[in-house]
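Thank you all for making the time this morning. I would like to take you through a few local features of one model, and I will try to keep each statement tied to its geometry.

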Amino acid sequence: MKLIKKRYWLTAFAAGFMFVGVSFKDDFFEIAKQIEIFTTLFKTVNQNYVDETNPSELMDKAIKSMLADLDPYTNYFNEEDVIKFRINNTGEYTGIGAMITRKEDKLIIKEPYKGFPADKAGLKAGDAIIQINDVKLADYKEDASELLKGAKNTKVNIVYVRQGKTLTTQLILDEVDVKAVPFFSKIDDKTGYIVLEKFNNKASTETRDALEKLKSQGAEKIILDLRGNPGGLLHEAVNICNLFVPKGEVIVTTKSKNEKYNITYKTIKEPIDTEIPLVVIVDGKSASASEIVSGALQDLDRAVVLGSRSFGKGLVQRPFDMTYNTQVKVTISRYYTPAGRCIQAYDYTKKDKDGKAQKTDAAKYNAFKTKNGRTVYDGGGIQPDVELEETKLSPIAQALQKNDGIFNYATQYYFKNPNIGDKIPNITDADFADFKNFLKKENINFDTETEVALKATLEKAKKEKIDETIKLQYDQLLVALQKSEETLLDKNQKEIKRLLVDELIKRYQYKEGLYQYYIKNNAEILKATTLLSNATEYNKILKK
C-alpha cells in the first residue's frame, strides 16, 4: 500500500513538474507570438495608412492603453516622463516653483511656492498662462509645463490672464527644492508637530532633522502629519519608522509571484527615540508609503493613528530601465504590515461594467492582532485608532474641490480683498451667500452621481430620439436636483467655510501660514494634542 502511494505521489509530482514546464513554454511562445503580431500590425499601419502617422505617438498611446487595463500604477514613461519621475523621487528640478495644472488651452497656477521664480515674478494662484515665449498654448497640444523648464537663469516671457485682464511678466528659472517636510514646529511647550508631504529620497533625513530639532527645543511628544501624502519610496518609509522603533524590527513584507520580490524589510539603524509618545494623523489621501508608516507603527503599538481611514494602496511598484532612455514602472508585489495585513482597497482583477475596479467589501475584512493584542483589520486602508467622523469630507465638499468651485471663488475673493495680510480671513454668512451665487453665475457643476446619471440618461434619450418626449420631466428633475444641491450647501456650510478659509490663507500667507493656522485651529491636531496630554488615555488605546 505504501509503495503504491509512493508511486502515485511520484507520478503526480512528475506530472506537476511537467505541467509547470509546459506552462512556462506555452507562456513564452504566447508572448513571442503576440509580439510578432503587434510588430507586424504596427509596421503595416504606419506604412499603409492614408495619412502621415507619428510612430512614436502611436506607440506611446498603444503602450499606455495596454498598461491602463492592469492597474493605475503600472505605467510607461517616455524620455520626457522619465525626467518628471526622477523629479518626484529627488524633489529637485529647475523651473518656476509652482504647482500648475492644464485646463483646456491654459496653464493654471494652483499654488506658487514662496521665494521661487513664479512668486518673484508676481504670479498668483488662479492666474491662467496662455502664452510661453512665442508659443500660444491654444495651438500647443504637447505638455506645456515642459516649456517652463530649462537651465538655471533661463529667461521665460509669459502672457497670462488675471480676472479678465491680459498681463505679461518674465520668469527667471532657478533650482527648486521641493521639501518632503515643508513645516515643523512646537505646538506647545511639550508637543512637536511635523508635516511629511511626500516620500522622496530626502524624506527620512528631513524627518530626522525635524525630530532632533524639536527634541532639542524641549518637545516630549510628537505629532506626525501624513494627511494628503500620496506615498513614494518604500525604503524611506522603513527609515522613518526606524526613527521611532528599535533596530531589527520588521516594518513591511512584500509578496509576489516572482520569488525574488518576496522581501522582508527591517529597521537597520539605531533609532532616535523609542519611547516618545507619538500620534500619526492620516486621511483619505494618505496612501502607499504613508500607509506603511502608519500601519507599521499601529501594528507595533508604537503610535496612535488618528483621523479618517486612509486610501488603501497596498501595491508596490518598481521602475525598470528600458532602451532609448524609456522606463516602465510595474506593480511587482503587495505589501504586508508587521501584523500581516494587506490594506489594498481595490481589486483590479474585478471591474464593473464601466471598467472601474471593485472596492473590497468591508464585510470581508480580516482581523489581525497588534503586538499588544489589539484587533486591526486589512482591506480598505488603515482604520485610525481614533476616528474623527467630522473631519471626513462630505460628497458636496469633494465635488467643490474637484470642480475648482472653492479654488475659483478664493481667487475672486483674494483680488476683491487684497489687503488682509496676516489676518485670518473671515467667511461671513454674506460671503457664503455670495459664494453660492458665484457657483450659479459660473455654472459650476457638482457632478454628483445622481447628476451624472441624469445627464447620461438625456444623452441616451437623444441617441434614441426620445429626448423631446421626456424634456419636461428631465428639466423638472434637474431643477429639483439643483435645489437639493443648494440644500446640501447650506447643510454643510461649516465644512465648506473651513475649506474656503484654508484656501484663502494660502493665498495671503502661503502654505507655511496655513500650517501655522492649523496648529492652533485644526480639529485633528487639537485632538492629537489633547490625547498626548492625557497619558492614561494614550496608554489605554495602545493597551500599555
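What follows is a walk through three helix pairs and then a handful of individual residues.

Let me say at the outset that this is a predicted model, and please keep that in mind throughout.

I will begin with the helix packing. Two packed helices are described by the angle between their axes and by the distance between those axes, and I will give both values for each pair.

The pair to look at to begin with is helix α9, which covers residues 405-416, and helix α13, which covers residues 493-521; these two pack at an angle of about 50°, and their axes are 9 Å apart. An angle of that kind falls outside the parallel, antiparallel and perpendicular ranges, so α9 and α13 are classed as oblique to each other. The handedness of the crossing between α9 and α13 is right-handed. If you colour the residues that form this contact, you will find I406, F407, Y409, A410, T411, Y413 and Y414 on the α9 side, and these meet L499, L500, E503, L504, R507 and Y508 on the α13 side. Sorted by class, that contact consists of ten nonpolar residues, one polar residue and two charged residues.

Helix α9 also has a second partner, namely helix α10, residues 429-441, and here the packing angle is about 115°, with the axes 10 Å apart. The crossing of α9 with α10 is right-handed. On the α9 side the contact residues are G405, I406, N408, Y409, Q412 and Y413, while α10 contributes D431, D434, F435, F438, L439 and K441. By class, this contact between α9 and α10 has six nonpolar, three polar and three charged residues. For anyone following on the screen, I406, Y409 and Y413 are worth selecting, since they are listed in the contact of α9 with α13 and also in the contact of α9 with α10.

The remaining pair lies earlier in the numbering: helix α6, residues 234-242, packs with helix α7, residues 289-299, at an angle of about 30° and with the axes 9 Å apart. Because angles under 35 degrees count as roughly parallel, that is how α6 and α7 are described. Their crossing is right-handed. From α6, the residues L234, A237, I240 and C241 meet A289, I292, V293, A296 and L297 of α7. What classes of residue make up this contact of α6 with α7? There are nine nonpolar residues, with no polar and no charged ones.

Let me now turn to single residues, starting with Q509, which sits in helix α13. Is Q509 buried or exposed? Its relative accessibility is 17%, and since buried means under 20%, Q509 counts as buried. A polar atom of the Q509 side chain lies 3.1 Å from the backbone oxygen of D422, and the side chain of Q509 also reaches the backbone oxygen of K423, at 3.3 Å. Leaving out residues up to four places away in sequence, Q509 touches G421, D422, K423 and I424.

Two residues with positive phi deserve a mention. Y510, which is not a glycine, has a positive phi near 65°; Y510 is placed in helix α13, and at 22% relative accessibility it counts as partly exposed. N325, likewise not a glycine, has a positive phi of about 60°. The setting of N325 is the loop between β17 (315-321) and β18 (327-336), and with 57% relative accessibility N325 counts as exposed.

I will finish with two residues for which we have long-range separations. Q401 lies in helix α8, residues 395-402, and at 35% relative accessibility it counts as partly exposed. Setting aside neighbours within four places in sequence, Q401 is in contact with K285, L393, I406 and L499, where I406 belongs to the α9 side of the contact with α13 and L499 to the α13 side. From Q401 to A287 the sequence separation is 114 residues, and the C-alpha to C-alpha distance is 19 Å. E468, in helix α12, residues 467-491, counts as exposed at 63% relative accessibility. The C-alpha atoms of E468 and A363 are separated by 45 Å, with their positions 105 residues apart along the chain.

Notes. Residues are numbered from 1 along each chain as its sequence is written. This is a predicted model: local features need pLDDT of at least 70, side-chain atom pairs count only at pLDDT 80 or more; totals for chains, interfaces and linings use all residues. Side-chain values use heavy atoms; hydrogens and water are left out. Axes are lines fitted to C-alpha atoms, for helices over the stretch in contact, and angles run from 0 to 180 degrees between N-to-C directions. Helices (H or I, at least four residues) and strands (E, at least two) are DSSP runs, numbered from the N terminus. Angles under 35 degrees count as roughly parallel, over 145 as roughly antiparallel, 65 to 115 as roughly perpendicular and the rest as oblique. A crossing is left-handed if the near helix is turned anticlockwise from the far one by less than a right angle, and right-handed if clockwise. Contact means heavy atoms within 4.5 Å. Ala, Val, Leu, Ile, Met, Phe, Trp, Tyr, Cys and Pro count as nonpolar, Asp, Glu, Lys and Arg as charged, and the others, Gly among them, as polar. Buried means under 20% relative accessible area, exposed over 50%, partly exposed in between (1.4 Å probe, protein chains only). A polar contact is a pair of N or O atoms within 3.5 Å; within protein, one must be able to donate a hydrogen and the other to accept it, and residues adjacent in sequence count only if both atoms are side-chain atoms.
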